[in-house]
Each structure stands twice: as structure tokens, then as C-alpha cells.
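Biologist: Before I rely on any label attached to this chain, I would like each one set against the rule behind it. Could you take me through the reasoning?

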Amino acid sequence: MNDANGSDRAVDDSAFEELDHALTDGGATAAIDRLIARLDHGEEPRALLDALLLKARLDLGLPAISSGALSSLPEPTRTHYEDRYIEALRTVGRKRLEAGDLIGAWPYFRTIGEKEPVAEAIESVDPSSTDGQVLGQIMELALQHGVHPRRGFELVLETYGPCSAITAFEHLPPDEATREPCADRLVRYLHEQLRATLRAEIERSGRPKPADEATIAELVEANPWLFDDDAYHIDTSHLAAVVRMSPLLQDPEAIRQAVDLTEYGRRLSDRHRYEGDPPFEQLYEDHGVYLRALLGEGVDEAIAHFREKLVPADPDGDDLASTLPAQILIRLLDRLGRQEEAIPLAAESLQGVPEGLLLCPGLLQLCQQSGRPDLLAEYARSGGDLVSYLAARVSSSQ
């Protein structure tokens, strides 16, 4: 008999005698039930799976020893056996979870395409009470296998700090549903660390203790000496990386904290400032404008600010980087509910750019959101896009 790793286990002779007695007294069904009961609370998941499949074969009138491919079975027997096979895998996976073996449970759930039970178990992992090697495996399972990227990211942050978390963020799946809560967590973490450091620095200086509710912006505004002699109070590479991901944020409180980080960043000396990519060339100032607009502050000024950064569209449509200023502005307009302003910009700037490469809604999505299939038809016709034109025309008639 083999365990999940294929290693031999010594089994007492009494176990075999017990099965023989059950078989003699109650028949095959009694014997297999006895075997399952014996394996149910043990550490041999593969043996339990095999026993459950043996029971399935007996219940379905199939030979006890499997022979031939599953596809050779007639219907509906094949479907019934497949159902039992899936249920057996699910049962063994649950048993491993109950035993606290997340890593051992995953292969069984992966086989049947169910990651939710393992994700729920990862959600409740306490890094402080988990063996380091096992915790590393859980992080890999959560992140690399995509079982629970957000919680995996949080475990990295809680265990190894922001540097490793920022690296992990760069390897997250590209969808915003995964990346946004991770960006939110990093912003809050860094904000808390920086705010505590600044308060401690002010108190050490002998100056009046700041109000408990004072923001980072208020702390640095009232204490410009904090930046004397090119001083800084947090790893500036971490600060820059977190600010770059802040446009993903949805929660107003996290956005306000990100604005706070930009207020600190823009006061750093040039030695500690990082260059940004268009349209965020001034990393902290430009992100501050964008984030405040998301909070409803200086909206028209922000739109004008980013309009000034637009560059002519590449006539060949090959330079994706040249479309980034337009994409950022379109994204901002969409977040502000001003899709109709974004539509002509999308038609002008994003023509030929595949939807999968966009950081913002495309023309079709914008027209759909604003209820303007007529505009889509107009721009599709002028751009020679037959598919979008027909889609728009059909949508108008529905």
C-alpha cells in the first residue's frame, strides 16, 4: 500500500485479517466500507482515494480491478463512474484540508478544477503560527498557481515586508480585480509606516506633539525641517513603486492615503526622487493631480492637465507607449463618469490598439457604457471597422 508520495508503509497483519473477516461476514460491500473507515482518519490520502474508487466500481457492478480506459465503459455507467471519481477526489481533498494540509489538498482539487476550498483555507492562514517552509509553499500556491493571489500577496507583505511584496505585485495576474486590493493593501501599509516614522521624528525633536489625526500632508507642511540635508524617512524606491500603482485604487480612504504619500514625495530632494513615465513624468505631482480628481477635487483642472500631455497618435499604430497619455486620460474620464468626453479621444488615439493591451476602456466599451451605439457606428465607419459598425447597428435596433 502506498501513501500520497508513493512511499511504502508497514501495515500490521491484523489489518489484513480484519478485512478478511469483514469480507467473509458481510461481503465485498462490508469489507470496502471497513477499509474506507480505516483510511478515513489516516495519513494515506492516495490509498483513501483508491478505496473510494474501488467502492464506486463495486457499486456500479464493475470489476474490482480496473481494466481498460474509462472511455471504454458504456453509458450511463461511464458518466456515473466519472461523477463518483470527482466526488472521491473532492472527499480526499477535504480530508487533507481538515488535517491542515493545504499543500496536500491542492492536487486533488486542482484535478477537478475547484480552487475555492483551498482558497478559503489560505484566507485563514496565520503566518505567525505556520512553519516557515510550509508558509513559503502556501505563498507559492496562492500566487504562482493563482489559488488566492490577494491573500498570497498579503502573506508576503506580512512576512517579508514591502520590498518582497512589491516584487510579488509585479508578477500578479494583469486583471484589476486581483491587483487593486493588493495595491490598496500596500498603500495602507506604507502610509501607516511613514506616518508613524514622521510622528516619532517630530516628537524626538522636542517640538509639540502632532494631533493624533494629523495626516502626512499636515505633518510635512508644518515641519519642513524634516527634509533638511536631503533627509528621507522611508525607502524611496518603495514609495515610488507604491505611488505608481495608486491609480488602481477604488476605495476613497486608500486614495486619500495615496495623496498623502504624494505630498511627502514631492518634498523630497532631487537626489531621492524618481522619474516617472508619461503622463506621470513628475511622479508625485502628476499622481497627486490624478488621485485628487478621483476624490472629486480639481476635476476640470486635472482633465486639462492631462490633456496637455497628449501626443499625436502614431499613424501606423505601432507605438503603444505613445498612446499611454491618452489611455490614462480616458481612464480618468471613465472613472469620473464622463464617457462621452472619452469617446472621441478613444476613436482618435486607440485605433488599431488591441483591447487586451489597453489600460483603459476601449471605444466599444465606452460607447456601450454611455448608451451611444450611434457614435460607435460613426467612428467605426470612418475607421473602416466593419465588425464594430455592424455590432453598433444591431445594438441600436435591439
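**Labels and the values behind them**

Modeller: Gladly, and let me begin just past helix α13, which is followed by Gly296, a residue with a positive phi near 85 degrees. Please keep in mind throughout that this is a predicted model.

Biologist: How do you know that the span of helix α13 agrees with its 12 residues?

Modeller: At 1.5 Å a residue, the 12 residues of α13 (residues 283–294) should span 16 Å, and because its end C-alpha atoms are 17 Å apart, the two values agree.

Biologist: What makes α13 count as mostly covered?

Modeller: A residue is called buried when its relative accessible area is under 20%, and 9 of the 12 residues of α13 are buried. Among them are Leu283, Tyr284, Asp286 and His287, and the buried residues of this helix pack against α11 (236–245), α12 (252–265), α14 (299–307) and α15 (324–335).

Biologist: Why is Arg199 called buried?

Modeller: Arg199, which is found in helix α9 (residues 176–204), has a relative accessibility of 11%, and because the cut-off is under 20%, the residue counts as buried.

Biologist: What makes the pairing of the Arg199 and Asp212 side chains a polar contact?

Modeller: The limit is a pair of N or O atoms within 3.5 Å, and the contact that joins these two side chains is 3.5 Å, a value that the limit still admits. Leaving aside neighbours within four places in sequence, Arg199 is also in contact with residues including Lys209, Pro210 and Leu219.

Biologist: Which residues are the closest to the centre of the largest pocket, and how much space lies in that pocket?

Modeller: About 830 Å³ of space lies in the largest pocket; of the 26 residues that line it, Arg244, Met245, Leu248, Ile328 and Leu359 are the closest to its centre. Helices α8 (162–170), α9, α11, α13 and α15 each supply at least two residues of that lining, which divides into 17 nonpolar, 2 polar and 7 charged residues.

Biologist: What makes the largest cavity part of the count of cavities?

Modeller: The count takes in cavities of 30 Å³ or more and comes to 2; the largest has a volume of about 50 Å³, and a cavity, unlike an open pocket, is a place where a 1.4 Å probe fits but cannot get out. Its lining has 4 nonpolar, 1 polar and 4 charged residues, and the largest share of that lining, 3 residues, comes from α3.

Key
Residues numbered from 1 in each chain as written. Predicted model: local features only at pLDDT ≥ 70, side-chain atom pairs only at ≥ 80, totals over all residues. Heavy atoms only, no water. Helix = DSSP H or I, 4+ residues; strand = E, 2+ residues; numbered from the N terminus. Buried < 20%, exposed > 50% of the residue type's maximum accessible area, 1.4 Å probe, protein only. Polar contact = N/O pair within 3.5 Å; in protein donor to acceptor, adjacent residues only side chain to side chain. Contact = heavy atoms within 4.5 Å. Expected span 1.5 Å × (residues − 1). 1 Å grid on protein atoms, 1.4 Å probe; cavity = no way out; pocket = protein on both sides within 12 Å on 5 of 7 lines; lining within 4 Å. Points joined across faces, edges and corners; volume = space filled by probe spheres on them. Nonpolar A, V, L, I, M, F, W, Y, C, P; charged D, E, K, R; others polar.
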